[in-house]
Amino acid sequence: MESSSGPSVITNYPTIEPRGLRDRYIGTISEKDLGASVTVCGWVSKVREHGEHLVFIDVRDFSGIVQVVAHSSVELRAEYVVRVKGKVTRRPEGTENSSLDTGQVELTDSEIELLAQADPPPFSLTDRVEVDESTRLRFRYLDLRREKMQSNLRARARINSAIRASMERQGFTELETPLLWTPTPEGAREFVVPSRLNHGSSYVLPQSPQIAKQLLMVSGFDRYYQIARCLRDEDLRADRQFEFTQLDLEASFVSQDDVMEFISDAVMGASRAVGLEHVDPIGRITWRDAIDLYGVDKPDMRFGHTLIDVTDIFADTQVRALSAPCVKALVAPNPSELTRSKLDGLVDRAKALGAKGLLWLRVESKDGELTLDSPVAKFISDAESRELIAKVGAKAGSVILMVADEWQSACQVLGQLRLELGRKLADPNQFTYVWVVDFPLFEGMSEDGSLISAHHPFTMPNQDDFDKLESDPLSVRSQSYDLVLNGWELGSGSIRIHRSDIQARIFSLLGISTEEAKNRFGFLLEAFRFGAPPHGGFAFGIDRLTALLVGEDNIREVIAFPKTQSGSDLMTGAPKPLEKSSWDLLGLSVKPVSKNQI
RNA sequence: GGACCUGUGGUGCAGCUUGGAGUGCACGCCGGCCUGUCAAGCCGGAGGUCGCGGGUUCAAAUCCCGUCAGGUCCGCCA
């Protein structure tokens with residue numbers, strides 16, 4: 001993806017006082033300095049030798065590049081580290097370089113001091129060619145020297161800074177919570193840290209500071225925040241690493257709307273920090289509408305082509321494939337590209353996504369009438385055809401895609417196709433945040449008949465749905481809310497249950513016995529007996545936010561030292577086998593490692 | 001656990017469908033030339049276990065099987 005039009009590498013370098021070996025940062029050199037002698041430090045970016053009497057050396061630091069002119073042969077290569085003292089001189093007329101911030105000037109009469117030599121780098125640090133990611137990760141320190149990675153990570157730092165400023169402004173207190181936490185078997189697989197002093201027992205690394213921050217509310221900290229590392233031993237994806245960073249916050253005596261305002265302020269601050277001046281106010285959509293219109297609970301609302309309910313039209317249809325509780329239609333965003341074989345591919349794709357099938361209908365104009373061309377066209381009545389075309393607003397050349405199934409399945413399949421076909425329509429420079437609210441409290445039923453939490457077991461049900469908890473639990477909405485940006489889930493939060501009677505009802509519905517609850521969360525439940533304030537909070541992923549704001553489609557591009565999809569660090573070689581003595585110290589023995597794992 | 005894509009001098013690619021000598025392009029590297037370039041230019045050169053293993057074949061970068069690594073996705077991620 002192209003990087004967005006944020007500010008250049010660093011916005012505030014003119015305010016940094018140069019120290020030590022230099023008296024200037026390269027990016028600050030301009031025509032204002034004509035005649036001045038400056039000393040800069042950096043890496044040789046490029047050497048252009050025109051014989052021994054004229055050599056151009058591009059010297060680079062994080063702030064910019066400047067051309068140094070030498071009139072004798074130099075023993076310099078790319079990535080040598082140098083210190084250059086030279087006179088800022090206007091370039092001869094006609095040789096200015098407008099693509100360089102310092103392109104009007106150059107350093108002449110220069111003294112070049114070699115601070116360190118460098119082997120030729122394994123890949124070019126200046127070309128725009130995409131280098132294989134495994135090579136980049138093996139030499140990550142060099143990859144990070146490239147302008148794009150400098151820009152990404154500095155953007156991330158500005159985002160962190162803006163978030164902290166927002167939190168402090170809103171009266172939040174930054175508190176740290178333990179990394180060595182206690183197992184609470186629930187949700188994500190935890191990273192295990194065996195105890196040396198207590199053989200057979202283990203800490204785990206926290207999936208999030210969830211319980212700790214609720215305890216801080218009991219303690220009366222009122223508003224807590226932390227830019228917290230979270231760790232989950234689950235399979236990796238483009239938007240998921242083992243360890244990731246969240247803005248984690250919790251506040252007492254607040255409503256859902258209050259929490260949403262706190263978070264809005266933080267993400268707006270973060271957006272401004274990367275140079276976005278115009279971000280629309282954050283809209284809201286209910287979970288039900290999100291599924292109904294976009295087929296996902298994290299809608300990308302930068303483009304239309306929402307799903308259309310056509311169940312009524314086919315209530316008495318002859319088309320067997322359409323007799324289902326719900327029929328959803330999508331007007332394809334790219335009808336002209338949809339050849340017969342592409343359409344067949346879409347049918348396969350829909351099936352892979354779990355649909356029983358996918359119907360496609362091409363709208364054609366015959367004698368001024370719109371008709372349908374499709375393998376199933378002859379089974380569709382004229383009335384159905386007319387109503388369908390009118391309802392979805394199809395024109396000649398349109399392609400209508402339809403899935404018939406249970407409501408949620410039909411929506412999800414078609415919603416995924418909407419994304420895959422329409423993604424191109426989304427403006428990469430547009431940032432559309434949206435709150436998804438009114439999530440169901442339970443996401444379904446497990447095999448043993450107990451309900452499954454949609455968020456976590458401490459989520460407060462919606463006040464209006466309390467009396468349906470036992471009678472119709474699946475229809476109960478919760479006081480939880482997600483923040484979505486351009487189709488990515490940034491984070492989620494909820495108002496928590498602070499009353500033990502309500503918590504007991506929820507545990508009972510979730511099939512968690514008193515004994516089990518005590519075992520897992522005993523310390524939290526005990527804490528709640530001593531005066532727990534009503535409270536709620538939120539957490540959003542800073543890796544994801546940063547990636548989106550700088551125009552990356554992969555969070556590894558905003559993490560200094562990420563892991564590969566199989567969880568290894570190509571630079572350090574981690575994870576590595578441990579010596580037997582290390583296992584012994586922990587009171588552990590391990591099965592022999594098979595050869596191909598070494 | 002599963003599906004798909006990729007793997008060819010240091011880097012990025014082409015070659016693979018239809019087997020015929022490690023063939024080609026661009027960058028980089030080394031040497032030479034070159035006084036206004038900035039993707040510098042010109043000339044010359046070095047550099048390869050075609051990821052690894054097995055199979056088919058007279059012959060494999062190419063076809064088949066397996067495997068490893070990287071990526072995308074499904075499962076998983078309260």
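Q: What makes the pair formed by G187 and RNA strand B a polar contact?
A: A backbone N or O atom of G187 lies 3.4 Å from a sugar or linking oxygen of RNA strand B, and a polar contact is a pair of N or O atoms within 3.5 Å (within protein, one must also be able to donate a hydrogen and the other to accept it, and residues adjacent in sequence count only if both atoms are side-chain atoms), so this pair qualifies. The model is predicted, with local features needing pLDDT of at least 70 and side-chain atom pairs pLDDT 80 or more, while totals for chains, interfaces and linings use all residues. Residues are numbered from 1 along each chain as its sequence is written, chains are lettered from A and ligands numbered from 1 in the order in which they are written, and side-chain values use heavy atoms, leaving out hydrogens and water.

Q: How do you know that R91 makes a polar contact with a base of RNA strand B?
A: A polar side-chain atom of R91 lies 2.6 Å from a base nitrogen of RNA strand B, which is within the cut-off, so the pair counts.

Q: What makes the pair formed by Q565 and RNA strand B a polar contact?
A: A backbone N or O atom of Q565 lies 2.8 Å from a phosphate oxygen of RNA strand B, so this pair also meets the rule.

Q: Why is C411 called buried?
A: Buried means under 20% relative accessible area (exposed is over 50%, partly exposed in between, with a 1.4 Å probe and protein chains only), and C411 has 0%, so the term applies.
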